[in-house]
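Trainee: Could you take me through one part of this model closely, staying with a single region and its neighbours before moving on to anything else?

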Amino acid sequence: MADKKERLKIILGLKVRYYRQLGAMSFAQLSKKSGLSVSYLNEIEKGKKYPQPDKIETLAEALETSYDQLVSMHGPKKLEPILNLINSDIFQFYPLELFGISNEKIYEVFAAAPDKTNAFVNTFLNIARHYQVDPEKLFSAALRSYQYLHDNYFKELETSADAFRKEHLPDGLEAAQLQELKSKLLEQFGLQVNVQEIGKRPELKDIRSIYSEKKKTLYINGNLSSAQKRFLLAKEIGFQSMDLKERPYISNIFDGPKFSYFLNNFKSSYFANALLIPQDQLVRDIEQWSINPEWNNSLIESLLKKYQITPEMLLHRFSNILPEHFNMKELFFLRHQSTDQLKYHMTKELHLSHLQQPYSNELNEHYCRRWVSINTIKKLHTSSKIGRAKKFVIDAQVSDYYQTQDSYLVISIAYPDAIQDNVYKSVTIGVLENDDSRKAFGFLFNRSIKRRTVHT
């Protein structure tokens, strides 16, 4: 992420290069006219040096332009699209360094052929403005790309969670009940846990947790399920044990203009899942699926019960384990939400390997009634309407994607929101049907599981 000082260097460098080439001058010629060394001019053009005002004045005279023109954040028409990008939220906030892209590399692309990059930059900026792309959306997109590059498996976070579990939870996860996790937060980090305070404040009823650094207290909404509370406690252990200082203090509210808030929140969430669902145990559980000739919802129910976790935690953990341990790298994870039976919103998505079909880019996207992720919500909604509300609804199918060769095993779990009335959610994982998935999931061989053709 480029701060203002870095951006000033890059902009000055671009302008010096532009005016030097406009005047058909070599570095040697500009050096002779300005009295500045060739190496120093080269550093300026690369965006590495920002001269003192008197040297900028001399440089402006040699380039036959003005001091104000060189130091302005704007510039000639041919450079304007690139300068607009550099001054935009996109360039300021997007964590390019996370992907090994330095400011110098960006500069090289811009400087090498500004005319050729202008059209692309203009198009990109217009799209971003039209759809009101703000830093939070950029951070979310960057995080998904980061997960994609690593197949959503992070060995260092697995190692941190394993180390904490072995040292502080020697009796196993069965002993890691709420009270045990609370005790570890107090014992290891001096943190208190309060599950009453949020419930006393109506304005906070939709907040899951609040961390007060001053009071050394983690406040958790008492209306959450036991599994959700365990996750939040494990997540806080992640923040503390990995010493992640830049973080959201209110659950899922990112009030700082830094990608590190998003990244550290992801790391602590990953840590929590890895702590409560050890990879070695889950691998063994999934391996047992290979001997099942037919799909049965009890395969999922048993895991939710065994690990005392939420549906979202389980399917998220699948998205870590399946690519790494079962070579299932063609997968997606989705979360949908509905406040009634007619309107659905995709609130979370992750695609590994490529963007799986069917997919649309409409702002108000419609979802096929044949999507299992939509049908599970419908079933849950119906059970609530007739007075037979269920804790969750599990379903699975093989989805044959319309006009493609792709078929995916899709598993979905719907559940009511713990703190919002009449809000229903579903989490879904889909894995490409191929030799690897058939080997792991025996029920795919005899096609006992239902198949449906789906579209957007």
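Mentor: Let us begin with one pair of residues: Tyr-408 stands opposite Leu-432 in β8. The model is a predicted one, and the strand to look at closely is β8, which covers residues 424-432. Tyr-408 lies within strand β7 (residues 407-416), and β7 is joined to β8 by nine bridges, the two strands running antiparallel. Strand β4, made of residues 331-338, is also antiparallel to β8, and eight bridges hold that pairing; within it, Arg-335 has Val-427 of β8 as its bridge partner. As background, the strands of a sheet pair through backbone hydrogen bonds, in either a parallel or an antiparallel way.

The side chains are the next thing to follow along β8. In a regular strand they alternate between the two faces of the sheet. On one side of β8 are Tyr-424, Ser-426, Thr-428, Gly-430 and Leu-432, while Lys-425, Val-427, Ile-429 and Val-431 are on the other, and the residues of both sides are all buried. Taken along its length, β8 is therefore mostly covered, with nine of its nine residues buried, that is, under 20% relative accessible area.

For its neighbours elsewhere in the chain, turn to another sheet, an open one of three strands in the order β1-β3-β2 with mixed pairing. Its edge strands are β1 (192-194) and β2, each of which pairs on one side only, and neighbouring strands of this sheet are turned by 15° against each other on average, direction ignored. Between β1 and strand β3 (residues 217-220) the pairing is parallel and runs over three bridges, with Val-193 standing opposite Leu-218 in β3. Helix α13 packs on this sheet, where it touches β1, β2 and β3, and its direction makes about 155° with that of β3.

The same helix leads to a cavity. Four cavities of 30 Å³ or more are found in a search of the whole structure, and the second largest holds about 100 Å³ of space. Its lining has 15 residues, and Ser-209, Lys-235, Glu-236, Phe-239 and Arg-247 are the closest to its centre. Both β2 (209-212) and α13 (226-241) supply at least two residues of that lining, and α13 gives the largest share, four residues. By character, the lining of the second largest cavity divides into eight nonpolar, four polar and three charged residues.

How values were computed
Residues are numbered from 1 along each chain as its sequence is written. This is a predicted model: local features need pLDDT of at least 70, side-chain atom pairs count only at pLDDT 80 or more; totals for chains, interfaces and linings use all residues. Side-chain values use heavy atoms; hydrogens and water are left out. On a 1 Å grid over the protein atoms alone, a cavity is a set of points where a 1.4 Å probe fits but cannot get out, and a pocket is an open set with protein on both sides within 12 Å along at least five of seven lines; lining residues have an atom within 4 Å of a point. Grid points are joined across faces, edges and corners, and a volume is the space filled by probe spheres set on the points. Ala, Val, Leu, Ile, Met, Phe, Trp, Tyr, Cys and Pro count as nonpolar, Asp, Glu, Lys and Arg as charged, and the others, Gly among them, as polar. Buried means under 20% relative accessible area, exposed over 50%, partly exposed in between (1.4 Å probe, protein chains only). Two strands pair if DSSP finds at least two bridges between them. Axes are lines fitted to C-alpha atoms, for helices over the stretch in contact, and angles run from 0 to 180 degrees between N-to-C directions. Contact means heavy atoms within 4.5 Å.
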